[in-house]
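Trainee: I would like to learn how to read a protein model step by step, beginning with one feature and working outwards. Could we go through this one together?

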Amino acid sequence: MLSPNDIALEWRGGSTTRVLEFATEREGAYTVLHFAPPGQTTFTHPDLMPKTPFYYRLRSVHGPASAPLDLALPPGEFDETADHSWAPPQTLPGAPRKHPVRSEAAQPTDVRATVMHANGIRFTWTDNASDEAGYLIEVRAAGAAEYRVAAVLDPDVNSFGLITLPEEKVAAYRVRAYFYGSPSNIVHLVTGA
């Protein structure tokens with residue numbers, strides 16, 4: 001506890017992305033709090049409700065990623081009035097999925113990135129996984145050492161429009177079919193008054 005309502009979590013490093021999840025009941029539904037890249041080993045969960053139990057766990061994230069696409073978006077600020085009908089996740093018709101997500105053959109293929117405007121990219125790909133937990137759009141901004149998760153998508157999605165952050169205008173992007181590893185031990189803390 002950093003304060004009565006701020007919790008700091010720490011774990012040993014690993015060579016894969018991990019998802020940090022929390023619940024407010026031991027057997028309750030866990031909610032994704034953060035996707036931590038391989039080098040991250042701490043996280044602070046701030047401004048929590050007083051006198052509330054919190055349960056935390058980590059799970060590793062695995063699965064084959066597509067080849068990276070290096071992109072440079074044109075200059076310009078985000079325009080809220082622009083048409084973003086291309087952005088919601090979709091399942092486009094295509095070849096049947098046939099490979100378990102634990103195999104390299106489940107890697108997303110035919111990944112295409114279409115720059116829609118100065119801050120928007122539409123990604124499409126062929127879904128080759130038969131049993132994925134979902135898809136991740138991962139980004140490595142120019143100068144960054146590691147990829148981080150930019151979007152989490154449901155299974156069978158193969159089209160998604162990403163609105164980029166300012167530091168992502170020049171970056172490498174990839175698509176990953178993923179599955180979760182076993183959960184860690186559970187940490188239980190109760191916030192103060």
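Trainee: Through how many residues does a hairpin join β7 to β8?

Mentor: Please keep in mind that this is a predicted model. To read a hairpin, follow the chain out of one strand and into the next, and look at what links them. Here the hairpin passes from β7 to β8 through two residues.

Trainee: In which sense do β7 and β8 pair, and over how many bridges?

Mentor: Two strands count as paired if at least two bridges are found between them. In this case β7 and β8, the latter covering residues 120-126, pair in the antiparallel sense over six bridges. You can follow the pairing residue by residue: R112 has T124 in β8 as its bridge partner, while T114 stands opposite R122 of that strand.

Trainee: What is the order of the strands in the open sheet, and which are the edge strands?

Mentor: To read a sheet, walk across it from strand to strand, and ask on how many sides each one pairs. The order in this open sheet of three strands is β7-β8-β11, and the pairing is antiparallel. Its edge strands are β7, residues 109-117, and β11, residues 159-163, each of which pairs on one side only. From one strand to the next, the twist averages 20°.

Trainee: How many helices and how many strands does the whole protein have?

Mentor: The secondary structure comes to zero helices and 13 strands, so the pattern along the sequence is written with β alone, as β-β-β-β-β-β-β-β-β-β-β-β-β. The C-alpha atoms fill a box of roughly 50 × 40 × 30 Å along the principal axes.

Trainee: What does T126 in strand β8 touch, apart from residues up to four places away in sequence?

Mentor: For a single residue, place it in its element and then list its contacts. T126 lies in β8 and touches P108, T109 and D110, with a polar contact of 3.0 Å between the side chains of T126 and D110. You can do likewise for R174, which is found in strand β12, residues 170-183: its side chain makes a polar contact of 2.7 Å with that of E138, and its contacts beyond four places in sequence include A65, P68, I137 and Y147.

Trainee: Which residues line the largest pocket, and what is its volume?

Mentor: Rolling a probe the size of a water molecule over the atoms shows where empty space is left. The largest pocket has a volume of about 150 Å³, and T124, W125 and T126 are among its lining residues, as are P93, R97 and D156. The lining divides into four nonpolar, five polar and three charged residues.

Technical notes
Residues are numbered from 1 along each chain as its sequence is written. This is a predicted model: local features need pLDDT of at least 70, side-chain atom pairs count only at pLDDT 80 or more; totals for chains, interfaces and linings use all residues. Side-chain values use heavy atoms; hydrogens and water are left out. Axes are lines fitted to C-alpha atoms, for helices over the stretch in contact, and angles run from 0 to 180 degrees between N-to-C directions. On a 1 Å grid over the protein atoms alone, a cavity is a set of points where a 1.4 Å probe fits but cannot get out, and a pocket is an open set with protein on both sides within 12 Å along at least five of seven lines; lining residues have an atom within 4 Å of a point. Grid points are joined across faces, edges and corners, and a volume is the space filled by probe spheres set on the points. Ala, Val, Leu, Ile, Met, Phe, Trp, Tyr, Cys and Pro count as nonpolar, Asp, Glu, Lys and Arg as charged, and the others, Gly among them, as polar. A polar contact is a pair of N or O atoms within 3.5 Å; within protein, one must be able to donate a hydrogen and the other to accept it, and residues adjacent in sequence count only if both atoms are side-chain atoms. Contact means heavy atoms within 4.5 Å.
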